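Please open the model in your viewer and keep the selection panel at hand. The stops below go from nonpolar packing to charged pairs, with a suggestion at each of what to select next.

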Amino acid sequence: MPTLLWKKNADKKLLANVRALNVNGATWSTDSPIIQTYRSRLLELQNNRCAYCLTPIESTANGFVELDHILPKQSSGKNAQRRSSNAFKDRRVTNGYPKFTFEPKNLVVTCRACNSAKQSFDPHADRRVTLNHYPNRKNIDQIIIWYHPHFHHYDAHIKRNKEWTYSKVSDQGDYTIRACKLHLPKEIQKRFQLRADVALDHSPNITVAINSLATSILQNRIGITHAVSALHDRCDLSSDQATALLEIWVEHVSKHTFETLTKANQALQSVVLVWEAKESFDNSSDQLSQISDAL
């Protein structure tokens, strides 16, 4: 994701309104109309994706989309020595930076998982030194040891592959990955496996379910491994069978030709038979008829 591209004239008033909340002594609240407007604008600039893991943010409700203070707004922990320590393990113990609570460039939109993992992590490079002014484009790399969406390009700091695993490109990327727990395979698998499972749970039939999984793969919302795992668990398919089915359906969803439709239909019918055997459906002819109509 590139540096957030603010429109200098169009966004100038909004940024000023957010900063004015600090001058006016406001208390931080995501219910503030100004903060809600700013959050919506950030979400637009971030292409509706989390700033740190790039997963799609599917709801604008609190609890789904969250605002992260890159430099934490309040103190955490009581150990004074740890508050000034630059060791990674001590960085969730912090004095906080209340003066930057309403600094627009200190705010980014994140998913709940990343924000919960980061907590009060303090990315100030040298915490022994008082930070009087918010960093700018010229000194950001000396002041903040963190991928900063307002100044940095994502790919210059974090590499993400199609199956949603992450590796560092820079020290800033390394701190971001570890603090948000993006380096833990089980944590990442759990996040995206849930997306795939929900696609099956909320689908009225197997046709809609497979189409939803294939669409999510194409839209870069889940990896094929997550969809394969969901089908393996739900349809009693081997990993090879699930992979073959999904590859056919991804091709069909992307091309929508008569040839791909025929292949998808044939592949799906074999899966429905497995699904029916597992769930003991008695109305197999009716369900196959529904599938034919849907296709």
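**Stop one: the largest nonpolar core**

In this predicted model, begin by selecting Tyr-52, Cys-114, Trp-146, Tyr-166 and Leu-182, which touch the most other members of the largest nonpolar core, a set of 51 residues. To see where the core draws its residues from, colour helix 1 (12–23), helix 2 (33–45), strand 1 (65–69), strand 2 (107–111), helix 5 (140–143), helix 6 (171–179) and helix 7 (185–201), each of which supplies at least two of them. Helix 2 gives the largest share of this core, with 5 residues.

Next, centre the view on Leu-182 and display its surroundings. Which residues is Leu-182 in contact with, once neighbours within four places in sequence are left aside? The contacts are Tyr-52, Cys-53, Cys-114, Tyr-166, Ile-177, Ile-188 and Arg-191. Then select Ile-217, Leu-237, Leu-245 and Leu-246, which are among the 26 residues of another core that lies apart from the one just visited.

**Stop two: salt bridges**

Side chains of opposite charge can pair when their charged atoms come close. The count for this model comes to 14 salt bridges, and a few of them are worth selecting one by one.

Select Asp-68 and Lys-118, whose side chains meet in a salt bridge at 3.2 Å, N to O. Because Asp-68 lies in strand 1 and Lys-118 in helix 4 (residues 112–118), the pair ties together parts that are 50 residues apart in sequence. Are these two partners buried or exposed? Asp-68 is buried, with a relative accessible area of 3%, and Lys-118 is buried as well, with a relative accessible area of 0%.

Move on to Asp-122 and Arg-127, whose side chains form a salt bridge at 3.3 Å, N to O. Asp-122 counts as buried at 1% relative accessibility, and Arg-127 counts as buried at 6%.

**Stop three: back to helix 7**

Arg-191, already selected as a contact of Leu-182, also meets the side chain of Glu-187 in a salt bridge of 3.6 Å, N to O. Both Arg-191 and Glu-187 lie in helix 7, where they are 4 residues apart, about one turn of the helix. With a relative accessible area of 14%, Arg-191 is buried, the cut-off being under 20%.

For the last selection, take Asp-11, Arg-41 and Glu-44, which are joined into one network by salt bridges that share partners.

Technical notes. Residues are numbered from 1 along each chain as its sequence is written. This is a predicted model: local features need pLDDT of at least 70, side-chain atom pairs count only at pLDDT 80 or more; totals for chains, interfaces and linings use all residues. Side-chain values use heavy atoms; hydrogens and water are left out. A nonpolar core is a set of buried Ala, Val, Leu, Ile, Met, Phe, Trp, Tyr and Cys residues joined through side-chain atoms within 4.5 Å. Buried means under 20% relative accessible area, exposed over 50%, partly exposed in between (1.4 Å probe, protein chains only). Helices (H or I, at least four residues) and strands (E, at least two) are DSSP runs, numbered from the N terminus. Contact means heavy atoms within 4.5 Å. A salt bridge is a side-chain nitrogen of Lys or Arg within 4 Å of a carboxyl oxygen of Asp or Glu.
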